[in-house]
Number of protein chains: 2
Amino acid sequence: MVESLTRAERKEATRQRLLDATLQLIANRSLASISLREVAREAGIVPTAFYRHYESMDALGVELVDESMRPLRQMIREARRGVADHGDIIKATVEVLARQVRQNPDQFRFLSRERYGGVRGVRRAIETELRLFTSELAVDLARLTAGFDWSSDDLEMAANLMVAAMLSAVMDLLEVDDRRPGDAVPILDRAERQLRLIALGMSEWRSKT
Amino acid sequence: MVESLTRAERKEATRQRLLDATLQLIANRSLASISLREVAREAGIVPTAFYRHYESMDALGVELVDESMRPLRQMIREARRGVADHGDIIKATVEVLARQVRQNPDQFRFLSRERYGGVRGVRRAIETELRLFTSELAVDLARLTAGFDWSSDDLEMAANLMVAAMLSAVMDLLEVDDRRPGDAVPILDRAERQLRLIALGMSEWRSKT
DNA sequence: AAGTTCAGTGTACGGTTGTACACCGAACAG
DNA sequence: CTGTTCGGTGTACAACCGTACACTGAACTT
């Protein structure tokens with residue numbers, strides 16, 4: 001059955017099981033309330049073996065941030081591609097957002113749970129990644145507002161507001177009961193209108209020079 | 001020394017000490033990671049006496065939401081008064097926000113920590129209060145946009161966006177190092193510009209009829 | 001083929017947790 | 001004045017926690 005994997009492969013597999021187990025446990029509780037023993041149990045190893053992979057739950061948490069940011073990064077790429085196909089940037093963005101959240105609820109849940117609630121290390125890791133995300137968006141905005149001489153500070157400000165609006169939608173989406181997927185519609189609709197409202201404001205904005 | 005308080009007064013005092021102790025412990029960790037025993041210890045009572053006041057930490061958490069929402073409600077009142085004195089609504093609002101956060105950091109920290117990270121009961125209590133807050137703002141916005149025939153749905157949408165922007169600023173403010181209070185300035189400045197950007201968008205917006 | 005590395009095991013420990021139970025004594029109601 | 005109420009105490013216990021330590025055996029190196 002098991003086709004004699006290398007040691008490194010087996011280790012990697014267990015590592016992944018630890019991450020998955022944590023992500024799954026986090027669906028209902030916060031990282032701080034999950035014990036090392038629980039995670040180990042869920043991953044099918046003995047508690048002390050945990051230390052072969054991470055020196056503490058906090059360390060695992062920091063790595064989990066990277067892991068969970070992948071769908072977010074994927075989102076940016078998809079959204080940019082979506083813009084090419086589909087004329088309406090905002091509609092395309094919200095659609096990508098909705099799909100990514102639906103496909104990776106645990107990752108998004110982890111990020112929203114720990115963004116403010118977590119341990120300092122995890123919190124900072126998330127904040128750093130989110131800042132990167134905002135900067136990338138600011139770059140995109142710069143392209144769209146070329147010729148309107150927006151200051152980079154204002155671009156950052158606008159991008160930050162858009163990210164806040166999107167994250168707010170994400171968190172609301174995560175509260176939607178799986179058995180009533182229709183509840184997601186008004187949330188997405190609102191997010192779309194919010195982004196349009198911001199875009200409308202931007203078209204009238206003039207940076208102080 | 002102790003002027004023979006009534007039994008009810010003593011009980012209320014202990015209750016308050018329990019709430020304060022929890023708020024203080026929460027400065028660094030999440031509610032879920034705080035034990036009943038810790039809170040009791042901090043409040044100066046024996047663990048089993050805790051049950052004379054709350055049936056569990058979760059129950060205490062729900063009550064703490066009410067307690068912590070007080071500064072937020074205070075904020076609305078002050079902001080409305082501030083508008084009367086001071087012509088610039090947005091500037092006045094951001095100033096009130098800054099002061100309230102500075103004066104009640106523990107309460108705001110608790111709310112931001114537990115809004116998404118907490119137990120279901122606490123989370124829902126916070127969300128309910130925040131929805132109320134948004135509705136009140138929507139009412140104020142309705143007054144300001146009178147004559148532009150905004151739909152109530154759009155008012156809600158705009159209020160929700162403003163609240164998201166303000167809360168995002170609050171959370172960033174809470175991360176500011178106390179020894180470097182100047183770090184709060186750019187955050188507040190950004191929040192102000194974001195609100196202005198939204199207002200600008202609103203002045204151009206037309207609700208679908 | 002022999003020796004080394006190392007992911008995972010099993011046992012053991014002291015510390016903390018939530019909570020059950022019997023109790024106390026001061027504030028209370030009559 | 002007498003009996004009751006009830007906030008707070010003290011002891012006790014089983015469950016869980018993180019982690020130290022000595023170990024095994026299969027995957028690796030030589």
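What follows is a conversation about a predicted model of two chains, A and B.

Biologist: Before we turn to how the chains meet, what makes up chain A, in helices and strands?

Modeller: Chain A has eight helices and zero strands, and of its 209 residues 51% count as buried. Its C-alpha atoms fill a box of roughly 60 × 40 × 35 Å, taken along the principal axes.

Biologist: Why is A:Thr145 called buried, given that its place is in the loop between helix 6 (120-144) and helix 7 (152-174) of chain A?

Modeller: The word buried is used for a relative accessible area under 20%, and A:Thr145, at 11% relative accessibility, therefore counts as buried. Leaving aside residues up to four places away in sequence, A:Thr145 touches A:Trp150, A:Leu155 and A:Met202.

Biologist: How do you know that the two copies are related as by a two-fold rotation axis?

Modeller: In general, two copies of a chain are related by a rotation about an axis and a shift along it. Here a turn of 180° and a shift of 0.0 Å along the axis lay chain B on chain A with an RMSD of 0.1 Å, and the two copies are thus related as by a two-fold rotation axis. Of the residues of chain B, the one that comes closest to this axis is B:Gly201, with its C-alpha at 1.8 Å.

Biologist: What makes you say that the copies meet through the same surface?

Modeller: Of the interface residues of chain B, 100% are also interface residues in chain A, so the copies do meet through the same surface. In this interface 30 residues of chain B are in contact with 30 residues of chain A, and the area buried between the chains is about 3200 Å², with carbon and sulfur atoms giving 59% of it. B:Tyr116, B:Arg193 and B:Leu197 supply 22% of the area that chain B buries against chain A, more than any other three residues.

Biologist: Why is the pair A:Arg123 and B:Glu175 called a salt bridge?

Modeller: The rule asks for a side-chain nitrogen of Lys or Arg within 4 Å of a carboxyl oxygen of Asp or Glu; the closest N and O atoms of A:Arg123 and B:Glu175 are 3.2 Å apart, and the pair therefore meets the cut-off of 4 Å. Across the interface of chain B and chain A the rule finds six salt bridges.

Biologist: Which residue classes make up the side of chain B that touches chain A?

Modeller: That side of chain B divides into 13 nonpolar, eight polar and nine charged residues.

Notes. Residues numbered from 1 in each chain as written. Chains lettered and ligands numbered in written order. Predicted model: local features only at pLDDT ≥ 70, side-chain atom pairs only at ≥ 80, totals over all residues. Heavy atoms only, no water. Buried < 20%, exposed > 50% of the residue type's maximum accessible area, 1.4 Å probe, protein only. Contact = heavy atoms within 4.5 Å. Buried area = accessible area lost by both parts, 1.4 Å probe. Nonpolar A, V, L, I, M, F, W, Y, C, P; charged D, E, K, R; others polar. Least-squares fit on C-alpha atoms with pLDDT ≥ 70 in both. Helix = DSSP H or I, 4+ residues; strand = E, 2+ residues; numbered from the N terminus.
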